[in-house]
Amino acid sequence: MSNNYFTLKYLQRKLRFTPTARLTVIMESSPPKGSVTIKIEDLQPVNNGNKNTNDGQYCLKENALGGWSSAFLLLANQGLATLAFFGVGVNLVLFLTRVLGQDNASAANNVSKWTGTVYLCSLVGAFLSDSYWGRYLTCALFQVVFLVGLVLLSLSSWFILLKPTGCGDGKQICVPTTSFGSAIFYLAIYLVAFGYGGHQPTLATFGSDQFDESNPKQRNSKSSFFSYFYFALNFGSLFSNTILVYFEDRGNWTIGFWVSTASAALALVAFLVGSSGYRYVKPCGNPIPRVMQVFCAAFKKLNVSLKEGEELYEVEGPDSAIKGSRKIFHSEEFACLDKASIITDEDKRGPPNPWRLCTVTQVEEAKCILRMLPIWLCTIMYSVVFSQMASLFVEQGDVMSTNIGKFRLPAASMSAFDICSVLAFTGIYRRIVVPVAGRMTGNPRGLTELQRMGIGLVLAMLAMVAAGVTEMERLKLVVDGERASRMSIFWQVPQYVLVGASEVFMYVGQLEFFNGQSPDGIKSFGSSLCMASISLGNFVSSMLVNVVMAATASGGRLGWIPEDLNLGRMDLFYFLIGVLTAVDLVVYVAFAKWYKGISFEGNYDEEEG
């Protein structure tokens with residue numbers, strides 16, 4: 001009897017019946033051996049109004065379309081918003097040195113802190129999105145904040161900071177700004193950080209919401225969306241890293257900031273235009289109390305053991321106790337937390353107390369966070385490498401030969417090679433690597449997300465070696481009395497290309513991994529982990545600079561990263577990061593082998609990360 005029951009429940013999930021549909025088993029008078037006839041009565045569509053959808057989430061709109069038509073608008077929004085953001089961020093280190101008069105080390109640290117804040121704010125956006133506001137409202141409101149910050153930055157640079165007009169081009173010195181001017185500037189760029197940071201992970205998750213995981217074709221489209229999402233990010237930044245950088249490098253900072261503002265406004269318009277066609281998902285409530293309840297209940301039952309024949313607590317029916325979340329199958333890791341789902345005599349006396357008794361799905365949600373944590377920590381070192389492009393790579397390029405005939409190439413525009421590398425390797429990965437790896441491994445997606453992230457770490461380590469070797473050669477070609485080395489800035493191309501290639505494997509892999517391995521109730525949080533990794537990477541980079549300078553600049557020495565880079569040893573700093581990345585890779589491989597993927601009930605095709 002038990003086997004028949006579970007067989008029918010399996011068929012109900014696989015054939016997508018509603019819980020209220022009746023399945024009648026009819027034994028024929030002379031049936032073939034072992035055969036039964038299943039009659040389905042009262043069959044109703046699963047996705048109807050506010051009912052539970054096929055993938056276990058809740059649609060707010062009955063006729064929401066979703067699909068690629070909505071996803072393309074979100075990709076356009078991503079490209080335009082990224083253009084606006086990098087119009088500020090890519091040259092920020094030079095703005096701080098040329099306009100605000102900061103030294104190289106201070107400017108690099110301030111850029112790292114600002115960039116870290118950008119992606120730290122992604123956790124705020126993800127929390128509000130998952131818990132209260134939903135993806136759409138969160139995206140819209142943070143974009144408004146982003147736009148306000150850009151307007152304030154454009155106005156402050158126009159009327160307050162750039163005095164005299166045209167200063168900040170590396171030749172004409174700007175008048176020292178007042179405390180009021182500095183305060184307005186920092187308020188503006190941190191509003192930009194808050195708005196863009198809160199918008200990014202929510203937009204990625206909102207885009208993935210446009211595809212139904214229960215449909216195999218749409219599940220593949222969802223996987224493709226993350227590649228195109230990162231492609232749109234880099235395509236949008238290509239304009240900033242070429243055209244806008246050129247104008248800003250020549251002292252036309254205000255023009256660059258106003259173009260960024262216009263792009264952010266267009267991004268908001270593109271987002272709002274698609275409002276009637278989006279597929280909306282309800283927020284699942286605050287996950288913090290749910291996770292705390294698991295630890296609290298497990299602690300209260302430290303001395304309780306599961307008796308033979310008893311089962312862990314889970315609600316009846318196909319729906320989870322967590323609103324909008326699919327049920328999650330039990331896993332063996334972190335078995336101590338399973339105590340939170342053991343039903344004691346006290347639990348049977350009254351209604352379930354969530355601080356004493358938690359469902360298996362709720363426990364698995366907490367386990368999922370713990371399982372992903374070591375993987376996420378290992379990605380922070382990669383972000384340290386990535387952060388060098390916005391700081392030390394630019395400062396290194398600024399003291400190299402940047403002339404092409406009479407044309408002077410802005411050092412920050414070299415990041416265009418990183419962007420082109422991302423665009424090229426995205427196509428190479430999808431068209432060449434996936435088919436070849438698929439035939440070798442039997443995985444239709446080519447490589448798992450964890451394997452791709454490991455390859456990203458290897459490429460990042462090689463990028464640091466390339467940067468260190470370039471710096472060694474640059475120092476050999478320094479001419480006494482001249483600021484710039486005779487070495488061409490194009491010798492930086494290998495390090496930028498390697499970082500770009502590593503992004504395709506690391507960051508796209510991260511987006512897919514953390515989004516796919518997160519329970520339904522914390523999908524935006526999963527996407528934000530990628531951004532939070534970049535945030536902490538920037539803070540760790542800033543800390544490394546401070547530690548290295550404190551250790552190498554003592555006793556009257558100039559240190560590895562002095563004001564005059566020709567007198568420093570920045571190559572040793574690059575090699576240090578390379579060694580730390582190699583150590584991180586070893587730790588990452590160990591955790592990747594240990595990791596076991598999440599398994600949702602009703603999704604039998606779910607793969608491990």
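Author: A residue counts as buried when its relative accessible area is under 20%, as exposed when that area is over 50%, and as partly exposed in between. The model discussed here is predicted. In this model Arg135 has a relative accessible area of 3%, so Arg135 is buried.

Reader: How many residues does the protein chain have, and what percentage of them is buried?

Author: The protein chain has 609 residues, of which 55% are buried. Its exposed area is about 25800 Å², and carbon and sulfur atoms supply 65% of that area.

Reader: How many helices and strands does the protein chain have?

Author: There are 16 helices and four strands in the protein chain. As for contacts between residues at least 6 apart in sequence, 80% of them join residues at least 24 apart.

Reader: I should like to read the charged pairs next. With which residue does the side chain of Arg135 meet in a salt bridge?

Author: Side chains of opposite charge can pair when their charged atoms come close. In this structure, the side chain of Arg135 meets that of Asp130 in a salt bridge, with 3.0 Å from N to O. Asp130 counts as buried because its relative accessibility is 2%. The pair is one case from a total of 15 salt bridges in the structure.

Reader: In which helix do Arg474 and Glu471 lie, and how many residues apart are they?

Author: An α-helix has 3.6 residues a turn, so residues three or four places apart point the same way. Arg474 and Glu471 are both in helix α13, three residues apart, which is about one turn of the helix. They form a salt bridge whose closest N and O atoms are 3.0 Å apart.

Reader: Is Arg474 buried or exposed, and is Glu471 buried or exposed?

Author: Arg474 has a relative accessible area of 0%, so Arg474 is buried. Glu471, at 0% relative accessibility, therefore also counts as buried.

Reader: Which residue meets Arg569 in a salt bridge?

Author: The partner of Arg569 is Asp571; their side chains meet at 2.8 Å, N to O. Arg569 counts as partly exposed because its relative accessibility is 38%. Asp571 is buried, because its relative accessible area is 1%. Elsewhere, salt bridges that share partners join Lys301, Glu346, Asp347 and Arg356 into one network.

Reader: Asp571 brings me to helix α16. How does one read the reach of α16 from its first C-alpha to its last?

Author: One compares the reach with the span expected at 1.5 Å a residue. Helix α16 runs over residues 570-594, 25 residues in number, and reaches 37 Å, close to the expected 36 Å. Its buried residues include Asp571, along with Met570, Phe573, Tyr574, Ile577 and Gly578. Further along α16, Thr581, Asp584, Leu585, Tyr588 and Ala592 are buried too.

Reader: What covers the buried residues of α16?

Author: The cover includes helices α10 (360-387), α11 (392-398), α13 (449-476) and α15 (523-552). One of these, α13, is the helix that holds Arg474 and Glu471.

Reader: Let us take the opposite case, a nonpolar patch at the surface. Which residues make this patch?

Author: Val151, Leu155, Trp158, Phe159, Ile160, Phe180 and Trp258 make a nonpolar surface patch of about 650 Å². Helix α4 (residues 104-161) gives the largest share of the patch, five residues. Phe180 is placed in helix α5 (residues 179-209). To join a patch, a residue must have over 30% relative accessible area. Phe180 has 55% relative accessibility and therefore counts as exposed.

Reader: Where is the place of Gly149, and which residues does Gly149 touch?

Author: Gly149 is in helix α4, the helix with the largest share of the nonpolar patch. Gly149 is buried, because its relative accessible area is 0%. Residues up to four places away in sequence aside, Gly149 touches Ala188, Leu191 and Val192. Gly149 and Thr261 are 8.8 Å apart in space, C-alpha to C-alpha, and 112 residues apart in sequence.

Reader: My last topic is the cysteines. Which residues does a disulfide join?

Author: Two cysteine sulfur atoms within 2.5 Å are read as a disulfide. By this rule the count is one disulfide, and it joins Cys167 to Cys174 with 2.1 Å from S to S. The link of Cys167 and Cys174 is right-handed, with 100 degrees about the S-S bond. Cys167 and Cys174 are both buried.

Reader: Is Cys121 buried or exposed, and is Cys368 buried or exposed?

Author: Cys121 has a relative accessible area of 10%, so Cys121 is buried. Cys368 is buried because its relative accessible area is 0%.

Note on methods:
Residues are numbered from 1 along each chain as its sequence is written. This is a predicted model: local features need pLDDT of at least 70, side-chain atom pairs count only at pLDDT 80 or more; totals for chains, interfaces and linings use all residues. Side-chain values use heavy atoms; hydrogens and water are left out. Patches are made of residues with over 30% relative accessible area and no salt bridge: like charges are joined within 9 Å, nonpolar side chains (Val, Leu, Ile, Met, Phe, Trp, Tyr) within 5 Å. Accessible areas come from the Shrake-Rupley method with a 1.4 Å probe; for residues, only the protein chains shown count as cover. A salt bridge is a side-chain nitrogen of Lys or Arg within 4 Å of a carboxyl oxygen of Asp or Glu. Helices (H or I, at least four residues) and strands (E, at least two) are DSSP runs, numbered from the N terminus. Buried means under 20% relative accessible area, exposed over 50%, partly exposed in between (1.4 Å probe, protein chains only). Contact means heavy atoms within 4.5 Å. The expected span of a helix is 1.5 Å times one less than its number of residues.
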